[in-house]
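Trainee: Could you take me on a close look at one part of this model? I would like to see how a sheet, a helix and a pocket can be read together.

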Amino acid sequence: MQTENNCIVIFGASGDLTHRKLIPALYNLYKIGRLSEHFSVLGVARTEMSDEVFREKMRAALIEYEKAEGETLENFCSHLYYQAVNTSDATDYGKLLPRLDDLHDKYQTAGNTLYYLSTPPSLYGVIPECLAAHGLNTEEYGWKRLIVEKPFGYDIKTAKELDIQIHRFFEEHQIYRIDHYLGKETVQNLLVLRFSNGLFEPLWNRNFIDYIEITGAESLGVEQRGGYYDGSGAMRDMFQNHLLQVLAMVAMEPPAIINADSMRDEVAKVLHCLHPLSEEDLKHNLVLGQYIRAEMDGKTVNGYLQETGVPADSNTETYMALRCEIDNWRWAGVPFYV
């Protein structure tokens, strides 16, 4: 099934996530016919560049990460455009109006627009307000959607504040809060492995399982993301979203029906059953660390403290290991090592 005609606006289009993940994902949808021929992608960031420079950067990324080539690659890249905008300045968003009008006319999108925030979390509340200042949030002319990546707030207080702030300018049906890790094929296959397999499902409990280990291993350092990463660390960047979601999918009960609400309800039940960790528990069940300068694939790579944007005296963890337990009938007494 193809999507409706639409324009996809990526804020933070000059960043790592866009060329490494987002553009390759859109390219693969295009290649298998899941994108309408009448679509456009408008990259938005502070960096000044032309449409052609942006296309060339994305073309190079697709060749590197997807081994893309030929007519399909060129046709896809012809749908890419770019607009430099100071994303902190509401008046600068006026530049988007003529660009979007042109793209909507050219691709017959009826005004359908998706805004993807591939930006630092500090802009998650700013961008919706700036879009609204120019009427770019209203659905009088086509639907409007807003995709917000994790981390959604720094803690529960800031998450609630961010939710209130975004709802001032976008309705709930327009907002998508996503965790891209759940789109990984291995994670998606967990549900099939568990609930569609007559061999495993009867054994998936404390009577037959001694312990469960969930490992998220990466060979990349923080590269150019030191400024962001040092304010979060592995616990906030990986555990409390990506890996906690995987833990919940491993431990959850079968949802009544396969839809978003039922899945969310079962995930929430697991999280409510996590055994609270006292200060004493953390002394014995939590390990934190940082990667150091080392040799990998025959090359010397920087340690965390040598990365760009990282203070020389930083205590931010790049490694965490936690032992936790789930207090319910299925998992009582089974340790989860994450």
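Mentor: Happy to; we will go from the sheet to the helix across it, then to a loop and a pocket. Keep in mind that this is a predicted model.

Let's start with the sheet. Its four strands form an open sheet in the order β7-β12-β11-β8, and the pairing is mixed. The edges belong to β7 (212-213) and β8 (286-289); each has a single partner strand, so one side of each is left without a neighbour in the sheet. Between them, β11 (residues 319-325) and β12 (residues 335-337) pair in the antiparallel sense over three bridges. If you want a place to check the register, find Glu325, which stands opposite Pro335 in β12. As general background, strands of a sheet pair through backbone hydrogen bonds, either parallel or antiparallel.

Now bring in helix α9. This helix, residues 233-251, lies across β7, β8, β11 and β12, and runs at about 35° to β11.

From α9 we can step to a loop elsewhere in the sequence. Asp237 of helix α9 is joined by a salt bridge to Lys150, with the closest N and O atoms 2.8 Å apart. Lys150 sits in the loop between β5 and α6, so the pair ties together parts that are 87 residues apart in sequence. In total, the structure holds 19 salt bridges.

Lys150 has a second feature worth a look: a cis peptide bond joins this residue to Pro151, with omega about 0°. Pro151 also belongs to the loop between β5 and α6. For context, most peptide bonds are trans.

The pocket brings several of these elements back. It is the second largest pocket, with a volume of about 1,600 Å³. Its lining counts 34 residues, and the closest to the centre are Arg177, Asp179, Leu182, Gln245 and Arg264. Which elements give two or more residues to this lining? They are β5 (144-149), α6 (156-167), β6 (175-178), α7 (185-195), α9 and α10 (260-273). So far we have met α9 as the helix across the sheet, and here α9 is listed among the contributors to the pocket lining. The largest share, eight residues, comes from α10.

If you are thinking about the chemistry of the lining, the classes split into 19 nonpolar, seven polar and eight charged residues. Arg177, Asp179 and Arg264 are among the residues closest to the pocket centre, and Leu182 and Gln245 are there too.

Methods. Residues are numbered from 1 along each chain as its sequence is written. This is a predicted model: local features need pLDDT of at least 70, side-chain atom pairs count only at pLDDT 80 or more; totals for chains, interfaces and linings use all residues. Side-chain values use heavy atoms; hydrogens and water are left out. Two strands pair if DSSP finds at least two bridges between them. Contact means heavy atoms within 4.5 Å. Axes are lines fitted to C-alpha atoms, for helices over the stretch in contact, and angles run from 0 to 180 degrees between N-to-C directions. On a 1 Å grid over the protein atoms alone, a cavity is a set of points where a 1.4 Å probe fits but cannot get out, and a pocket is an open set with protein on both sides within 12 Å along at least five of seven lines; lining residues have an atom within 4 Å of a point. Grid points are joined across faces, edges and corners, and a volume is the space filled by probe spheres set on the points. Ala, Val, Leu, Ile, Met, Phe, Trp, Tyr, Cys and Pro count as nonpolar, Asp, Glu, Lys and Arg as charged, and the others, Gly among them, as polar. A salt bridge is a side-chain nitrogen of Lys or Arg within 4 Å of a carboxyl oxygen of Asp or Glu.
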